[in-house]
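Subject: Structure handover

Hello,

Here is the structure we talked about. Please open it and keep it beside you while you read my notes.

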Amino acid sequence: MSLSSESLALLFFFFFFFFSFTLPIMGSSALPAIGVTYVHGGSHLPRPERVATTLQSLKIACVRLPAPDPDVIRAFSYSNITLLLSIPNSFIPAMASNQSNALRWLYRHVVPFYPRARISTISVGNDILDSSADLSDFLLPAIRNVYQALHELGIHKILVSTTFSFINVMTTTFPPSAAEFQEPIADSLVKPFLDFLAETNSSILLNLYPYNVYRSNSEIPIGYALFQEQPFNFRDDLITGVRYRNLFDMMVDAVISAMAVAGYEDIPVIVTETGWPSSGDATEVDASEAYAEMYNKGLVGHLQSGLGTPLRKEGVAETYIFELFDEDMKQGSESKRHWGILYPNMTKKYGIDFSGSAQVGGVDNLVVVFWLVVAILWLQWK
Ligand SMILES: *[C@@H]1O[C@H](CO)[C@@H](O)[C@H](O)[C@H]1NC(C)=O
Ligand SMILES: *[C@@H]1O[C@H](CO)[C@@H](O)[C@H](O)[C@H]1NC(C)=O
Ligand SMILES: *[C@@H]1O[C@H](CO)[C@@H](O)[C@H](O)[C@H]1NC(C)=O
């Protein structure tokens, strides 16, 4: 059997179609997706529908909702922004004890909106090591119950994980090759958790603030924390012979190195929170608008460069800037801190350009186009 000239023309057409679609996707899939943490609520903030539209026009790829409300998830149903949802810590004991509690949460926050709302990841809890209640015995059972419940609902593509804080889970920042997970949780909690991530192809989620490490280490130059490329801004890891030019990469590689020592080489890293405050209390002399702008612009530029980190050429998979709206934090010592990148009237606080970043899930489009082409060619052949 031979192809007719018509079929050949179609074949050329679809190959052209295929490559014109896939090349830009393949070109950008190595870049990490850049997003923001969106703390919603408060009558002074714009409606979630308006927020979703604005974020889409700013080319923000992904949004993290630390305490998701169904109305906010619904607002993102008509955008191509992917969502990372966090289940609040207070739900963890109940979800650990009975899978139907996990199912109930999913019925409210996922089932009505998925897959139109592009939920990519669910974090079971946020920084439980910092919580006043000891939740460590409940965490893994809760994670497993959420995972099982999703599968019971026939949802297989949403990743399940939890979020740790870098400073609560790592022993050291420098040299990265010497970093390990803190005991006693390293063996009791982190390793079984990494097992789960490896089994389910999920990612490790970390709140990672160079700002905090810089504040507690007087020998770190400010330019090194702010992505300023200067001749003397580097530190060498003498064990691996690797040179670091910014603090962010060093912290990410500390995590990658600790995972490798524990036997896990390829678990993707998602930075769920990072940022720099533009103002703080009297002790926070480096919380300034100029530094916050340098950090956020430097971070986005570094991620968009596609250089990755010295230990992992594809770098982090996703990064969420903390946070979207610039407003007074509600409680305690953080009352004077401002972290946001947009004012409540939706104007940009800094001139950050997100348009060179990847979208989460570009590879899915590639697979769809591929099978479309195969199906059409097969029909032609017959
Ligand atoms: C879990 O909760 C469901 C519904 O509330 C209940 O029927 C079931 O008996 C519970 N299972 C356990 C093991 O407690
Ligand atoms: C994880 O990924 C591997 C390789 O892509 C695949 O073979 C395996 O089925 C995946 N496992 C799950 C649980 O999705
Ligand atoms: C938005 O709010 C900021 C901060 O309050 C203010 O400086 C700016 O002028 C406002 N922009 C508009 C267009 O209202």
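This is a predicted model. I start with one serine and work outwards from there.

**S257**

S257 is buried, because its relative accessibility is 9% and the cut-off for buried is under 20%. Look for S257 in helix α11. A polar atom of the S257 side chain sits 3.3 Å from the backbone oxygen of P176. Leaving out residues up to four places away in sequence, S257 touches P176, S177 and L311. So P176 appears in the contact list of S257 and also supplies the backbone oxygen for that polar pair.

**The nonpolar cores**

Helix α11 comes up again here. The largest nonpolar core has 104 residues, and L55, I122 and I204 touch the most other members. Helix α11 (residues 247-261) gives this core its largest share, ten residues. A second core is separate from it and has seven residues, including C62, L84, I270 and Y320.

Take I122 as an example. Its contacts, apart from neighbours within four places in sequence, include L85, I87, W105 and L106. V110, V146, L150 and I158 are also among the contacts of I122. So are L159, V160 and S161.

**Two more buried serines**

S123 lies in strand β4 (residues 118-126). Is S123 buried or exposed? S123 is buried, with a relative accessible area of 0%. The C-alpha atoms of S123 and I87 are 6.1 Å apart, although 36 residues separate the two along the chain. Setting aside residues up to four places away, S123 touches L84, L85, S86 and I87, among others. S161, T162, T163 and L205 are also on the list for S123. I87 and S161 are among the contacts of I122 too.

S203 sits in the loop between α8 and β6 (204-207). S203 counts as buried, at 6% relative accessibility. Which residues does S203 contact, leaving aside neighbours within four places in sequence? They are L159, S161, L197, I267, P268 and I270. One of these, I270, belongs to the second core.

**Salt bridges**

How many salt bridges does the structure hold? There are nine. Here are three of them.

- E273 and R64 join their side chains in a salt bridge, at 3.2 Å from N to O. E273 is in strand β9 (residues 269-274) and R64 is in strand β2 (residues 62-65), so the pair ties together parts that lie 209 residues apart in sequence. E273 is buried, with a relative accessible area of 11%. R64 is buried as well, at 0%.
- E199 and R144 form a salt bridge through their side chains, at 4.0 Å from N to O. This pair links distant parts of the chain: E199 is in helix α8 (residues 185-200), R144 is in helix α6 (residues 136-152), and their positions lie 55 residues apart. E199 counts as exposed, at 58% relative accessibility. R144 is partly exposed, at 36%.
- R47 and E49 meet through their side chains in a salt bridge, at 3.4 Å from N to O. R47 is exposed, with a relative accessible area of 57%. E49 is partly exposed, at 38%.

Check the burial of each pair as you go. In the first pair, E273 is buried and R64 is buried. In the third pair, R47 is exposed, whereas E49 is partly exposed.

**The ligands**

I looked at two ligands, ligand 1 and ligand 3.

Which residues surround ligand 1? They are N98, S100 and R104. A polar side-chain atom of N98 lies 2.3 Å from an oxygen atom of ligand 1. For S100, a polar side-chain atom lies 2.9 Å from a ligand 1 oxygen. On its own, ligand 1 exposes 360 Å², and the protein buries 24% of that.

Ligand 3 has Y343, N345 and T347 around it. N345 places a polar side-chain atom 2.4 Å from an oxygen atom of ligand 3. Ligand 3 alone has 370 Å² of accessible area, of which the protein covers 31%.

Best wishes

Definitions and conventions: Residues are numbered from 1 along each chain as its sequence is written. Chains are lettered from A and ligands numbered from 1 in the order in which they are written. This is a predicted model: local features need pLDDT of at least 70, side-chain atom pairs count only at pLDDT 80 or more; totals for chains, interfaces and linings use all residues. Side-chain values use heavy atoms; hydrogens and water are left out. Buried means under 20% relative accessible area, exposed over 50%, partly exposed in between (1.4 Å probe, protein chains only). Helices (H or I, at least four residues) and strands (E, at least two) are DSSP runs, numbered from the N terminus. Contact means heavy atoms within 4.5 Å. A residue is near a molecule or strand if one of its heavy atoms lies within 4 Å of it. A polar contact is a pair of N or O atoms within 3.5 Å; within protein, one must be able to donate a hydrogen and the other to accept it, and residues adjacent in sequence count only if both atoms are side-chain atoms. Accessible areas come from the Shrake-Rupley method with a 1.4 Å probe; for residues, only the protein chains shown count as cover. A nonpolar core is a set of buried Ala, Val, Leu, Ile, Met, Phe, Trp, Tyr and Cys residues joined through side-chain atoms within 4.5 Å.
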